[in-house]
Structures are given as C-alpha cells and as structure tokens.
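This briefing looks at selected strands, side-chain pairs and one helix, grouped by topic. Please read it alongside the sequence and the structure shown here.

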Amino acid sequence: MAVNLTRNAIAAVMGGDLNLKPLVQVLDIKSVISAQERFRLVVSDGGCTQQALLAAQLNGRVKSGAVQKGSVVQLIEYVCSSVQNTQVIVVLNLETIVSNCEIIGNPRYESDPHAQNSPSSSANSAFTRGIRVRGAFCVWFSPETATLSAANPGINSHTFHPTLQSSGAILKNEAPARIVPISALNPYQGRWAIKARVTGDGKVFSFDLLDSDGGEIRVTCFNAAADRFFDRIEAGKVYLISRGSIKPAQKNFNHLDHQWEILLDSSSTVDPCPDEDSSIPEQQFNFREIDEIESAENNSVLDLIGIVTSIGPSTTILRKNGMETQRRILSLKDSSGKSVDLTLWGISMCHSGSFPVLAVKAGKVNDFSGKTVGTISSTRFFINPNLTEAQSLRDWFNGGGKAATSQSISRDAMPVHLEGEIRKTVAQIKDEGLGRGDKPDWVTLKATVSFIKTDTFCYTACPLMAGERQCGKKYLLQVQVQDHTGSTWVTCFQESGVEILGFSAKQMYLMKHVEEDEDRFAEIIRRCLFEQYLFRLKVKEEVHGTSRNSGSQWSRQRKSTRPSSVDLYWTGLPRLL
C-alpha cells in the first residue's frame, strides 16, 4: 500500500499548527522510565524527524502492536511541549493508517549516528548537523559554508557569519501562548493559555473552569496568588488564563473528572474577556436519575435534576463552633419512580410557582439512614433551567407524573400497615443473621422490657448556648427485651424513648442530674419494667468500639462473629399488649 506522508509536517506542527492532523511514520519506540508507564516515539514526515511522547491512555496501542516501528499514523490531537528542556510532540490521540511498512523518504535524525556511513555523505558528512528552530522550520547548516538551508520550499536561504555556529536555540518565540482546550492540558506543556468560563468558586479560593469543548478543570490559589486574583474572579464570566502550573488533581477536594488541576502563582495571568463567548456554555451537567443515587457511594459528588414536590420549613441549627446556620429540606422526584431529600445549608431559596424543576450541580451524597443529597462549596442550583432534560421532566410531570407514586430513598422503608408484617423471635433474629446485608431488615417482635440502662440514657443535642436558649437533650436509651427464646438489646431514639418512659429526655436529665431526685427517677424506670410490647424494629449490624469491659469480654456492640452483636433500632412506636 503506497502511503504519502504529510510534507513538512514536523516543521508545521512544531511551528504551532495543531489542526493539521498529519500523516507521519514511526521510526522508533522506547519505554520511558517514570512513575507512570509512557512511550517515547521518533516520528518522521519523510524528511525531518521529531521526538513524540504518547499520552498514557494510548499505551494500549503500543502493547497491542497497533503502533510499532514502521507504522504510519495520523496525529489527531497533539500539543507541542518541553520535556526536560527538549521540545517534543505530546500525542493525545492518533489513528493507525498502516501498521507496518518500509521507511518512507530519507528522514534525517537531529543527530544522525549513521550519517558518516550514508551514501550521500561526502566531505560535508563530517560536519553536517541538524538544528531545529521552534515556530519556524527544520534546517541544516554547514560550518564551512555557514549556509542555512530551509527544509521548507519557498523559504529563502540565508548566509550566517561563522561566529554564529554555536549550538542551542538561535530564535526565541515571543508570540503569545496559543489557546488550547482544557482536555489537552498536561504537565508536559510549556507555554499554554485557556479560555474558559468560571462555573463555581470555593472557600479556599479555588474555582472551576469550563471551556467551549466541554472540558472542566479546577484552579487553586494560595497566599499571594489568592490575594491577587480573589477580587478578579466572578462566577459566570469568561477569562483567558495562562502561566499556571499543572499539578495532579487532589481528588479528596476536587470532584471534577480531569486528572490535573491548575495552580496559579505570582507569574500567572488572568485576563477577563469583555466580549462574551457564546460557544462556552453557562454550565455543563452529567445528570444521574434518582434511582441511580440509591446505589451511589457515600460522599460521592454528582449532578441531579428533579421536580420539587415539597419544601420543608427553615430551621435554625447550632454548629459546634457556636455559629447558627439555616437548614431547609426539599424533596425531589423524577420519572425513575424514586424521590430524594435535598438538604440546603445556609441557602435561601424561594420560588413563587408550584412544583419547579430544580437542577443541582455538584451535590454530595450522604447515606445515613437512607440516601440524601447535601451541598458543598461548589454546589450550584438552577430553577427551571433552559435544558432539554428540564423540559422532558416537565412534560412527564404534567402528563401524569404528578400523580405517580414515588418511593423515597432518603428514609429506610418501614411497613406502614401491620398486614404482611414479618414476625420474628429473638432467636430467629440472631440465627437468621438479620441486619447483615446492605440494607436493614424490618421485623416485628413481641417481647417484654427486662432492663433499662440509666447511666447514659441521653445525649446533648447542641453542645453550646445560643443566646438564652438552653441546649436540648435527646434519648439514646439502651433497653434489654426478652421473649421465650432469648434476650437482646434494643436502641431507642428520641420518640421511642419518650413513648416507653412517658417523659422527655430533658425532663429525665433534669430530674436525675439537676434536681437530684433519684427516688422519682428510679420509680419511673421500675414502672416501665416487665411491660410487654409489640415492637417494630429495624435490624442493622454496625461497627462500634473494640474495647473490653470490666468482665474482660468484648463489647456486645462490636462487630464480631457473635450473633448477639446485632443491634435492633427501635424506630417505630411500640404497642402495649
């Protein structure tokens, strides 16, 4: 198969032409020793040669033999960069045209070890030397004639004085850095610039960028750079950014898919673009349906869109540092048949219309007692956005989705009616290993209260005072129950504790620790013993401490091979029999 390589491709690519998509031939392949496996190539356009570095995602092409010595390939995506003071072509994507063929043309290496033995070498072969001028063309010169001959036809030859025969760069490229797409950024690039829209900011002064190719990347500033750029950055605006460092993305703090992030310093430039670039979208989403969130990992960050079906009241929450914040819980549903709770912290959201469409960018998944979605510093909300997904969701809702039932993934499903309830004994709960799966088991247990722990029966709901408001108390009551097959411990939370004792946690706390009325406190506890209830229980195994108690036995609540380590959380109200 006759193949014609792209004439003068090396000179054009090294001169900054990133749209040429040339055909070149692979002359050599070597593995690069580094923290990540990489392959270095020598490519030829039939006349000039140039070193190239394959992106890591293309390693499979070499290992499979699709790219080998003699292969003719087309460079689809590439950038010119400096690696260890050597100019190289970083290949981001390529296609193999011919897997293997004879050497095409008469390629000359930058330093050709076979030049003295080549048929074309004569008196000039001893002093022929290749020099590459970035941004111009591939040239050769002879010290004796001091003539610079252009490899590119149409460019006149020039004569140099013999004193200018020193090696190294002879031209300096002072042209402004070429704008590259975010997806092409990597640490091997030298001069670069990106044009992108700021889509989010953060408390540590980090912000996210989105360009016209859909690439997203995180930018972070520290110290003097943060002071310098903080007042310049505005969400939604477009900027031209250059001279930043490309570092590996800190995935603990960066939810974007890009493997790199930008670090700005004192030499970086951030220039606003006064002319709005309509090719850069306002925001980019990767929506997940609500039923997919049910299987998402805890603390994962994702985008979702849904119909707001309910908005809870705004409540004041006291943080551990003594500061108050507002919390509001919304409920979202979509066509997947599921709904989810969205918790807003310190955000005021009002909408006059009923059942608006809400798009959430970068919501954080929480899996405590079901799946919920919360907010982080980069979370953004869009009410009735102009999106195809929003219109489809609106059409579904108006076409019957409003009346469709949705199962909430934010609360563990507990049977509403007693019909069809699962009756178990204490022995069955232990022997059948209930609560050991991914989801809790709901059962009904007929048992008698035999013992109530009173040393730590409640906890402080808020640790500090908020003005004149006193901190609250909530139940965390450990109750031992038994039936004819054995006994087990039940953990009763707030409402269940009030139901069984008849007093609030705060009343019991004041009675015991403030009024010091031990007799009345003990009488209330004794009155609750040996009462038989029909308990509706959530059975779930959880991991607690591993310390030993005074009897040198492992804690009952430690996850172990003992069946009795299963805790039964009393979340439904009991019925007295």
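Glu216 counts as buried, at 15% relative accessibility, where buried means under 20% relative accessible area, exposed means over 50%, and partly exposed lies in between (1.4 Å probe, protein chains only). The model is a predicted one, in which local features need pLDDT of at least 70 and side-chain atom pairs count only at pLDDT 80 or more, while totals for chains, interfaces and linings use all residues. Residues are numbered from 1 along each chain as its sequence is written, and side-chain values use heavy atoms, with hydrogens and water left out.

**Salt bridges around strands S11 and S12**

- A salt bridge is taken here as a side-chain nitrogen of Lys or Arg within 4 Å of a carboxyl oxygen of Asp or Glu, and by this rule the count comes to nine salt bridges.
- Glu216 forms one of these with Lys361, the closest N and O atoms being 3.6 Å apart; the pair links distant parts of the chain, with Lys361 in strand S21 (residues 357-366) and Glu216 in strand S12, 145 residues apart.
- Lys361 is buried too, with a relative accessible area of 9%.
- Arg218 and Asp208 meet through their side chains in another salt bridge, at 2.3 Å from N to O, and this pair links distant parts of the chain, Arg218 lying in strand S12 and Asp208 in strand S11, ten residues apart.
- Both partners count as buried, Arg218 at 7% relative accessibility and Asp208 at 6%.
- The side chains of Arg288 and Glu292 also meet in a salt bridge, at 3.3 Å from N to O, but here Arg288 is partly exposed, with a relative accessible area of 30%, and Glu292 is partly exposed at 34%.
- Salt bridges that share partners join Glu216, Asp303 and Lys361 into one network.

**The S11–S12 hairpin**

- Helices (H or I, at least four residues) and strands (E, at least two) are DSSP runs, numbered from the N terminus, and two strands pair if DSSP finds at least two bridges between them.
- Strand S11 (residues 206-210) has five of its five residues buried, so it is largely enclosed by the rest of the structure.
- Both faces of S11 are covered, with Ser206, Asp208 and Leu210 buried on one side and Phe207 and Leu209 buried on the other.
- S11 pairs with strand S12 (residues 216-221) in the antiparallel sense over five bridges, and Asp208 has Arg218 as its bridge partner in S12.
- Five residues lie between S11 and S12 in the hairpin that they form, and Gly214 in the turn has a positive phi of about 85 degrees.

**Strands S25, S28 and S29**

- Five of the seven residues of strand S28 (residues 477-483) are buried, so this strand is largely enclosed by the rest of the structure.
- Strand S25 (residues 441-452) pairs with S28 in the antiparallel sense over four bridges, and the bridge partner of Phe451 in S28 is Gln480.
- S28 also pairs in the antiparallel sense with strand S29 (residues 486-492), over seven bridges, and a hairpin joins the two through two residues; the bridge partner of Leu477 in S29 is Cys492.

**Aromatic pairs and charges over rings**

- Rings of Phe, Tyr and Trp (its six-membered ring) pair if their centres lie within 6.5 Å, with planes under 30 degrees apart counted as stacked, over 60 as edge-to-face and the rest as tilted; by this rule the count comes to seven aromatic pairs.
- The rings of Phe285 and Phe382 have their centres 5.4 Å apart and their planes at 85 degrees, so this pair is edge-to-face.
- Phe285 lies in the loop between strand S16 (269-272) and helix H4 (290-293) and Phe382 in strand S23 (residues 380-383), so the pair ties together parts that are 97 residues apart in sequence.
- Phe451 and Trp489 form another edge-to-face pair, at 6.2 Å centre to centre and with 90 degrees between the planes, which links Phe451 in strand S25 with Trp489 in strand S29, 38 residues apart.
- Phe451 counts as partly exposed, at 41% relative accessibility, whereas Trp489 counts as buried, at 14%.
- Lys453 lies over the face of Trp489, at 4.7 Å from the ring centre, a charge being over a ring if NZ of Lys or CZ of Arg is within 6 Å of the ring centre and within 35 degrees of the ring normal.
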